[in-house]
Amino acid sequence: MEKISILIPVYNEKKSLLELLKRVEAVDFGLEKEIILVDDFSTDGTKELYSQISHKILYHEVNQGKGAALRTGLKEATGDIIIIQDADLEYNPEDYIPLVEHIKNGESDVVYGSRFADKRNKGNFLFLSFIANKTLTLMTQILFGTKLTDMETCYKAFKAEVIKDVEIKSNRFDFEPEITAKVLKKHVRFHELPISYNARTNDEGKKIGWKDGVQAIFALIKFRLFD
């Protein structure tokens with residue numbers, strides 16, 4: 001393992017993006033680091049920040065959703081390990097060091113960071129978000145016979161050959177159940193490790209809503225039965 005690619009989908013994150021990048025840049029993996037931003041047609045002034053950023057930036061000409069942004073980023077990623085990072089400050093980039101180490105050391109092919117496995121996060125979830133996440137994770141457990149505890153987590157780390165071998169069809173937040181379903185069906189070495197979490201409110205820019213939750217339920221069933 002020589003290189004890690006960090007994919008950051010960006011949509012209207014003017015307030016948090018530069019601080020997030022400082023935190024990502026500060027993390028030392030002992031590997032070459034490639035940071036790829038995919039701007040999903042931001043309209044809040046986020047694009048004005050890009051002149052201050054030296055990393056690769058890809059652009060969508062219309063808003064397509066997180067899944068589409070990650071699909072775009074994956075085409076350009078050249079790392080041996082690929083990890084997903086949201087552009088807000090809900091997650092701590094220091095937390096994905098152990099996820100990457102698990103793959104570097106040959107213990108896993110895919111590692112998810114579980115917010116529910118870390119007791120420090122108790123009370124950090126918005127109530128409806130907590131219920132939705134628990135429901136979707138329970139469905140994942142039932143449909144796929146897994147002990148997975150946090151399907152909707154942002155922090156997902158993959159061996160490049162695993163994630164690049166998956167055809168991602170979903171454009172929005174249904175990317176999460178799709179990629180989880182397809183990875184579990186591949187029977188790769190899969191682990192979860194605890195991570196911290198600091199939920200933001202809708203007023204602070206949280207974009208996922210109840211419609212995305214409903215869509216995720218249908219996506220789980222769809223990708224359990226079909227490719």
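In this predicted model, a right-handed β-α-β unit is built from strand β1, helix α1 (residues 17–26) and strand β2. The two strands of the unit, β1 (residues 3–10) and β2, run parallel and are joined by eight bridges. A handy place to pick up this pairing is Lys-3, which stands opposite Glu-32 in β2.

Strand β2 also pairs with β3 (residues 56–59): these strands run parallel as well, with four bridges between them. Here Ile-36 has Lys-56 of β3 as its bridge partner. Strand β2, which spans residues 32–39, is mostly covered, six of its eight residues being buried.

The side chains can be followed next. The largest nonpolar core comprises 69 residues. Ile-6, Ile-8, Leu-17, Leu-37 and Ile-179 are the members with the most contacts inside this core. Ile-6 and Ile-8 fall within the range of β1 (residues 3–10), Leu-17 opens helix α1 (residues 17–26), and Leu-37 lies in β2 (residues 32–39).

Ile-179, in turn, leads to helix α6 (residues 175–185), where ten of the eleven residues are buried. Among the buried residues of α6 are Phe-175, Pro-177, Ile-179, Ala-181, Val-183 and Leu-184, and also the charged-group names Glu-176, Glu-178 and Lys-182. With neighbours within four places in sequence left aside, Ile-179 is in contact with Tyr-112, Lys-156, Phe-158, Ile-163, Val-166 and Ile-168. After α6 comes His-187, which has a positive phi, near 55°.

Notes: Residues numbered from 1 in each chain as written. Predicted model: local features only at pLDDT ≥ 70, side-chain atom pairs only at ≥ 80, totals over all residues. Heavy atoms only, no water. Core = buried A, V, L, I, M, F, W, Y, C linked by side-chain atoms within 4.5 Å. Buried < 20%, exposed > 50% of the residue type's maximum accessible area, 1.4 Å probe, protein only. Contact = heavy atoms within 4.5 Å. Pairing = 2+ DSSP bridges. Right-handed = clockwise from strand over helix to strand, strands pointing away.
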